[in-house]
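This briefing looks at how aromatic side chains are arranged in a protein chain and at the empty space left between its atoms. Please read it alongside the sequence and the coordinates.

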Amino acid sequence: MRYRHPATQEEIDRVYDPMRGRDGEALIADWRARSARSRERQRLIPDVAYGPTLAERMDVFPGSEAGGPVHLFFHGGYWRALSHAEFGFVADGLVAAGITVAVVNYALCPEVRFGEIVRQSRAAVAWMHRHGASLGVDPNRLSVSGHSAGGHLCAMLLATRWREAYGLPDELIRGALSISGLYDLAPFPWSWLQPKLQLTDRDVIDYSPVRQPCRVPARVRLVAGGEESEAFAGQMQAQAKHLRQQGRHVTSELLPGDDHFSLLDHYRPGGRFVDEIVAFHR
């Protein structure tokens, strides 16, 4: 399949609205309930500050291995909805596998500009690399994953000049799993999201991973659901091609039977995302 941008706003809104025809409130309520149970079952260091603003917080679920690896998860919500509170459940399988998990919160559009969200995601990784030892993890064994908008943020982490901008090694991320990510922002100024996102032409260039070089030599895993619209598969394929042209280690796969939301079930204990993230650290 060749990736192409939808031609009209009606088509953009159709293919990029995974909530269409679903009870979104019930879905989010289920995530919150699952996350509340995770907080009760797991050890938790809540709301660890990684930056100066109130939004810059992460819930840390310690793994069983002292000095073990750490994984940062970035949630979805099209950069304008949800928080870390809905996604604590992604920690269950990884903690059981011995990996410490940080579920990252960030500010949302339109309260902040789009670029500020990217800055905050980078700040979370930088904080963990510098201070992870205080949480009992090895900051040199760090991986990331994200869903939807979070998948975009993971791709932007790989486009970061870590040594130049942060004084950190460019190799600080071992592996990145992007799930149904958005890698080309060009459709979104023409979508129903624009009143919230307020993307400029400059934003589309600066914050589209397919328009930026990949500067981190991490292993990259891209997935999308076979039951999602063609737009998510197209975005994934465009990013995979972009990375391969730069000689990066990347795999991409459509998971049959999964839609935009059921993909998150692969974080359950024994799930395929758990296995793939564990493999980043071997």
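What follows covers aromatic pairs, a charge placed over a ring, the largest pocket and the largest cavity. The model is predicted, and this should be kept in mind for each of the values below. The count of aromatic pairs comes to 15, and the pair of Tyr16 and Phe188 is edge-to-face, with 4.9 Å centre to centre and 65° between the planes.

**Aromatic pairs across the chain**

- The pair of Tyr16 and Phe188 links distant parts of the chain, 172 residues apart, with Tyr16 in the loop between helix H1 (9–15) and helix H2 (24–41) and Phe188 in the loop between strand S6 (175–179) and helix H7 (194–197).
- Tyr16 counts as buried because its relative accessibility is 0%, and Phe188, at 0% relative accessibility, counts as buried as well.
- Trp31 and Phe261 form a tilted aromatic pair, with 5.9 Å centre to centre and 55° between the planes.
- This pair also links distant parts of the chain, since Trp31 lies in helix H2 and Phe261 in the loop between strand S8 (250–255) and helix H10 (272–280), 230 residues apart.
- Trp31 has a relative accessibility of 3% and therefore counts as buried, while Phe261, at 8% relative accessibility, is likewise counted as buried.

**Aromatic cluster and a charge over a ring**

- Tyr16 and Phe188 belong to one aromatic cluster, which they form together with Tyr78, Trp79, Phe114, Trp192, Tyr207 and Phe232.
- The charged end of Arg34 sits over the ring of Phe89, at 4.1 Å from the centre of that ring.

**Largest pocket**

- The largest pocket has a volume of about 240 Å³, and its lining comprises 17 residues, of which Met19, Gly77, Tyr78, Arg80 and Phe261 lie nearest its centre.
- Of the residues that line the largest pocket, 10 are nonpolar, 5 are polar and 2 are charged.
- Two of the residues nearest the pocket centre, Tyr78 and Phe261, also appear above, Tyr78 as a member of the aromatic cluster and Phe261 as the partner of Trp31.

**Largest cavity**

- The structure holds 1 cavity of 30 Å³ or more, and the space in the largest cavity is about 30 Å³.
- The largest cavity is lined by Ala155, Leu158, Ala159, Pro209, Gln212, Pro213, Cys214, Gln239 and Leu243, and helix H5 (149–158) and helix H9 (230–245) each supply at least two residues of this lining.
- By class, the lining of the largest cavity has 7 nonpolar and 2 polar residues, with no charged residue.

Note on methods: Residues numbered from 1 in each chain as written. Predicted model: local features only at pLDDT ≥ 70, side-chain atom pairs only at ≥ 80, totals over all residues. Heavy atoms only, no water. Phe/Tyr/Trp six-rings, centres within 6.5 Å; stacked < 30°, edge-to-face > 60°. Helix = DSSP H or I, 4+ residues; strand = E, 2+ residues; numbered from the N terminus. Buried < 20%, exposed > 50% of the residue type's maximum accessible area, 1.4 Å probe, protein only. Lys NZ or Arg CZ within 6 Å of the ring centre and 35° of its normal. 1 Å grid on protein atoms, 1.4 Å probe; cavity = no way out; pocket = protein on both sides within 12 Å on 5 of 7 lines; lining within 4 Å. Points joined across faces, edges and corners; volume = space filled by probe spheres on them. Nonpolar A, V, L, I, M, F, W, Y, C, P; charged D, E, K, R; others polar.
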